Amino acid sequence: MNEFPPLDGIPAWPDVEDLMCTYLDRFGHTCTETPPAEDEFGAPLFESLLPVIVIERSGGGTPNGAIDVAMIHISVTNSTRSGSWAVMNDGVRRAVAAAENGAVIDGYTIVGMSEEVGPQMIPGLNPDTRTVQLAFEVIVQRPR
């Protein structure tokens with residue numbers, strides 16, 4: 001027979017993607033997956049939401065059980081290439097730098113944030129590609 005330790009008294013980790021959506025929402029439409037081009041009625045959707053900021057966790061872990069070190073990838077798409085860069089540089093990167101020494105988001109303590117892979121525009125087949133990407137680390141303290 002299995003005997004598992006109880007989970008009582010061990011708080012759940014927050015969803016870091018949701019925390020980052022809240023934190024970066026002031027710069028555009030934040031989401032955890034790219035919205036479809038059209039809604040269910042065929043009306044344009046993606047373009048109507050611009051700028052779109054897609055936030056995805058791509059790993060990390062809890063090295064000591066007290067903090068969660070999350071790798072976050074951000075993709076910013078705006079109506080123009082320069083518009084995407086403006087949201088990334090004037091908004092997202094500044095917000096990451098501002099939280100370098102911590103922040104509180106939705107009641108959770110962010111110990112720090114740091115840029116890990118600087119912004120880049122990934123060349124695609126479409127010359128009108130307007131998406132700029134950035135990877136950063138978010139360190140969240142385990143709730144008590």
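Is Asp68 buried or exposed? Asp68 is buried, with a relative accessible area of 5%. The close-ups below come from a predicted model.

**Close-up 1. Arg57 and Asp68 form a salt bridge between two strands.** The closest N and O atoms of the pair are 2.8 Å apart. Arg57 lies in strand 2 and Asp68 in strand 3, so the salt bridge ties together parts 11 residues apart in sequence. The two ends differ in burial class: Asp68 is buried at 5%, whereas Arg57 is partly exposed at 31% relative accessibility.

**Close-up 2. Strand 2 and strand 3 form an antiparallel hairpin.** The strands are joined by 8 bridges. One of the pairings sets Gly61 opposite Val69 in strand 3. Between the strands sit 5 residues. Gly65 takes a positive phi near 80° in this hairpin.

**Close-up 3. Strand 1 runs parallel to strand 2.** Here 3 bridges join the strands. His29 has Val52 of strand 2 as its bridge partner. Val52 also belongs to the second nonpolar core, shown in close-up 5.

**Close-up 4. The largest nonpolar core holds 26 residues.** Those with the most contacts inside this core are Met20, Ile72, Ile74, Met113, Phe136 and Val138. At least two residues come from each of helix 1 (16–24), strand 2 (52–61), strand 3 (67–77), helix 2 (81–98), strand 5 (108–121) and strand 6 (131–141). Helix 1 gives the most, with 6 residues. Such grouping fits a broad trend: in soluble globular proteins, nonpolar side chains tend to be buried together.

**Close-up 5. Ile74 and its contacts, with a second core as a separate feature.** Leaving out residues up to four places away in sequence, Ile74 touches Leu24, Ile53, Val54, Ile55, Met88, Val92, Val132, Gln133, Leu134 and Phe136. The second core is separate and has 5 residues. Among them are Phe46, Leu50, Val52 and Val54. Val54 is thus a member of the second core and is also touched by Ile74.

**Close-up 6. Arg130 and Glu47 form a salt bridge between two loops.** Their closest N and O atoms are 2.9 Å apart. Arg130 sits in the loop between strand 5 and strand 6. Glu47 sits in the loop between strand 1 (29–31) and strand 2. The partners are 83 residues apart, so this pair links distant parts of the chain. Arg130 is buried, at 19% relative accessible area. Glu47 counts as partly exposed, at 43%.

**Close-up 7. Glu115 and Arg93 form a salt bridge between a strand and a helix.** The closest N and O atoms are 2.9 Å apart. Glu115 belongs to strand 5 and Arg93 to helix 2, 22 residues apart. Both ends are partly exposed: Glu115 has 31% relative accessibility, and Arg93 has 30%. The count for the structure comes to 3 salt bridges.

**Close-up 8. Cys21 and Cys31 are in no disulfide.** The sulfur atoms of Cys21 and Cys31 are 6.7 Å apart. Why does this pair not count as a disulfide? The cut-off is 2.5 Å between sulfur atoms, so a separation of 6.7 Å falls outside it. Each cysteine has the other's sulfur as its nearest cysteine sulfur. Cys21 is buried, with a relative accessible area of 11%. Cys31 is buried too, at 12%. Across the whole structure, the search finds 0 disulfides.

Notes
Residues numbered from 1 in each chain as written. Predicted model: local features only at pLDDT ≥ 70, side-chain atom pairs only at ≥ 80, totals over all residues. Heavy atoms only, no water. Core = buried A, V, L, I, M, F, W, Y, C linked by side-chain atoms within 4.5 Å. Buried < 20%, exposed > 50% of the residue type's maximum accessible area, 1.4 Å probe, protein only. Helix = DSSP H or I, 4+ residues; strand = E, 2+ residues; numbered from the N terminus. Contact = heavy atoms within 4.5 Å. Salt bridge = Lys/Arg side-chain N within 4 Å of Asp/Glu carboxyl O. Pairing = 2+ DSSP bridges.
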